[in-house]
Amino acid sequence: MKKKQPNEQRITALYARLSRDDEKDGISGSIQNQRAILEKFAADNHLPNPRFMFDDGYSGVTFTRPAFMEIMELAEQGLVANLVVKDHSRLGRNHLVVGQLLEEDFVRLNVRYIAIMDNIDTANGVSDIVPMQDLFNEWHAKNTSDKVRRVMQSRGNAGIPLTTNPPFGYRKDPEDKNKWLIDEFAAGVVHQIFQLSISGLGPTQIAKKLRSDGVMTPSEYLHSIGVSCPTKPPAYPHNWCSATVADILDRQEYTGDTVNFRSFSQSFKQKKRLDRPQEEWKVFPDTHPAIIDRETFTLVQNLRQHRRRPDRTGIVSMFSGLLYCADCGEKLYYSSTNSYKREQAYFFCSSYRKNSSVCSAHYIREHTVEQLVLEGLQRLLWYVQAFEQKFAQEQVERFGLQAKKALTAKRRELDKAKQRVVEIDQLIQKSYEDMSKGLLSEERFATLTVSLENEQRQLKAAIPEMETSLDATTDKAADLQRFIERARQVTRLTELTPEIVHEFIDKIVVSKPDKVDGKRHQRVDIYYNTIGLWVAPEPEELEQEYLDYYKAMLKRKKKMA
């Protein structure tokens, strides 16, 4: 049983609270003004042991405020005799919680509650009007929240960044707080994190690397340069965590884009933010200087889709997450142990590991995969560089990209569908007018309307698919051009790196091995990003293509001469 404290040891808590919205009221609602009123009231009424406590910048709808929670902890220990606030809304703006405090908690804890300006004193009983006043206080908070939400929606739709603090790597422009400038030191750390991800490390491994290198965390750095930050510096210096690294790797803002409406709150009473689906984000391209180019960002996102966790030895293979079983479609697991050399590391079917009756092992050595991928990439890159126009034409024909004709036809079809949707509305309106004038029977009008509405419904359902098809055609052509440009840059490929592998390789499909004439044969299909499965021409074909290419070059030179 809690020991009852003598009255002379119990305090009078003088509590003040100020939210960001209350600051608009000026000095009358300031912490200093509240303190002066509270201390004068305590002195005039001889309240014992006054102690001033306040929460600055906290909304009334939440009760997880540091000073208020401290008061309640002291009250649970029997150390609070009185709780005094300037006005009742300072206690809070959630009528359910405030009602429980007044009717249950303060009674149980023997705490006298006083709201000076509202003439509330629990020593005299609680008026029936107080619950209504609590409801009005909550409505005020909801109304304020709605106003703020509308303002934020307007700003967000206009492309103004909604984040209070820019992402790590940027700082606000002193002349325009809505613009971001690159912070050179922080941007260097961001660059390092992306490069470590490309090299094959996951967020946890990157965090360990940054800790061992003594790199300041975002909160440490911001505090070091005098910028206010809601996150406290870690208890231990340079204590990076994987969540911070993962958040940096996921931020599209580093490509120069403003991304608004990433998250939302379900109620003005709940401060927890929930993630929105990516299709509901508002993205405004190229609004500030980029720290990471788009190709690098896309590459990292692709890498993160293939979770490359280290095995028990701590080794991560650059091919982890890329190998698939040709029979069951599941991924191939990577295995390496300290009991044998790295050259003996291998991949095997994950389904087989779980249930050997479902599939076969599809066993293949890591160094075999590396050799096949290196040779395949070398042939592909050489072919692209030697026969660029022919390669591009082959891919165009393969994917059915008949350049202007196909795009023009799709655009014409889309425009025609949209125009017909508008025409149908006009036809229905005209038919209704004809029926009103007696020129069209009601039965005929109903039949005609149903037919037109069905046609319109089908068109509206088809238009998004047509738009998607048009975008995909355009994007595919742009992706192919980027692929060729990147392939042109890789002039001498002598060894594989995680960056090269994940930049060019989409997936590797491994079939089960067969024995032919006592020899082991195994089919391995390499699917490349953008172009899919590509098989190099036979040596005879390559020789003929090279001769044709050489002859064409000579003809071109003669014409130019």
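User: How should I read a small sheet, and in what order do the strands of the open sheet of three strands stand?

Analyst: As a general idea, strands of a sheet pair through backbone hydrogen bonds, either parallel or antiparallel. In this structure, which is a predicted model, the three strands of one open sheet follow the order S13-S14-S15, and their pairing is antiparallel. Strand S13 (332–335) and strand S15 (364–365) each have a single partner strand and stand at the edges, so one side of each is left without a neighbour in the sheet. Between S13 and strand S14 (residues 346–349) the antiparallel pairing runs over four bridges, and within it serine 335 has tyrosine 346 in S14 as its bridge partner.

User: Which strands form the open sheet of four, and what is the pairing there?

Analyst: That open sheet has the order S12-S16-S19-S20, and the pairing is mixed. Its edge strands are S12 and strand S20 (532–533), each of which pairs on one side only. The mixture can be followed strand by strand: strand S12 (residues 323–325) runs parallel to strand S16 (residues 505–510), and three bridges join them, whereas S16 pairs with strand S19 (residues 524–528) in the antiparallel sense over five bridges.

User: Which residues are bridge partners along S16?

Analyst: On the side of S12, cysteine 325 has valine 510 in S16 as its bridge partner. On the side of S19, lysine 507 is partnered by tyrosine 527, and isoleucine 505 stands opposite tyrosine 528. When you follow such a strand by eye, it helps to recall that in a regular strand the side chains alternate between the two faces of the sheet.

User: Which helix lies across S12, S16 and S19?

Analyst: Helix H11 (residues 366–386) does so, and it runs at about 50 degrees to S19.

User: How many residues make the hairpin between S6 and S7?

Analyst: Two residues carry the chain from S6 to S7 in that hairpin. Strand S6 (residues 170–173) and strand S7 (residues 176–182) run antiparallel and are joined by four bridges, and in this pairing lysine 172 has tryptophan 180 in S7 as its bridge partner.

User: Turning to helices, at what angle do H6 and H8 pack, and which residues meet there?

Analyst: A useful way to read a helix pair is to take the angle, then the distance between the axes, and then the residues in contact. Helix H6 (residues 203–212) and helix H8 (residues 242–250) pack at an angle of about 110 degrees, with their axes 8 Å apart. Angles of 65 to 115 degrees count as roughly perpendicular, and H6 and H8 are therefore roughly perpendicular to each other. The crossing in which H6 passes H8 is right-handed. From H6, the residues Pro203, Thr204, Ile206, Ala207 and Leu210 meet Ser242, Val245, Ala246 and Leu249 of H8. Sorted by class, this contact of H6 with H8 holds seven nonpolar, two polar and no charged residues.

User: Which residues of H5 meet H8, and how do the axes of the two cross?

Analyst: The axes of helix H5 (residues 184–198) and H8 come within 10 Å and cross at roughly 90 degrees, and H5 and H8 are therefore roughly perpendicular to each other. Val190, Ile193, Phe194 and Ser197 of H5 meet Val245, Ile248 and Leu249 of H8. The residues of this contact of H5 with H8 divide into six nonpolar, one polar and no charged.

User: What is the angle between H8 and H9, and what classes of residue are in their contact?

Analyst: H8 and helix H9 (residues 294–305) pack at an angle of about 130 degrees, with axes 10 Å apart, and H8 and H9 are therefore oblique to each other. Here Ala246, Leu249 and Asp250 in H8 meet Phe297, Val300, Gln301 and Arg304 in H9. This contact of H8 with H9 has four nonpolar, one polar and two charged residues.

User: How many salt bridges does a search of the whole structure find, and where does glutamate 76 lie?

Analyst: In general, side chains of opposite charge can pair when their charged atoms come close. Searching the whole structure finds 19 salt bridges. One of them joins the side chains of glutamate 76 and arginine 108, at 3.1 Å from N to O. Glutamate 76 lies in helix H2 (residues 66–76) and arginine 108 in helix H3 (residues 95–108), so the pair ties together parts that are 32 residues apart in sequence.

Technical notes
Residues are numbered from 1 along each chain as its sequence is written. This is a predicted model: local features need pLDDT of at least 70, side-chain atom pairs count only at pLDDT 80 or more; totals for chains, interfaces and linings use all residues. Side-chain values use heavy atoms; hydrogens and water are left out. Two strands pair if DSSP finds at least two bridges between them. Axes are lines fitted to C-alpha atoms, for helices over the stretch in contact, and angles run from 0 to 180 degrees between N-to-C directions. Angles under 35 degrees count as roughly parallel, over 145 as roughly antiparallel, 65 to 115 as roughly perpendicular and the rest as oblique. A crossing is left-handed if the near helix is turned anticlockwise from the far one by less than a right angle, and right-handed if clockwise. Contact means heavy atoms within 4.5 Å. Ala, Val, Leu, Ile, Met, Phe, Trp, Tyr, Cys and Pro count as nonpolar, Asp, Glu, Lys and Arg as charged, and the others, Gly among them, as polar. A salt bridge is a side-chain nitrogen of Lys or Arg within 4 Å of a carboxyl oxygen of Asp or Glu.
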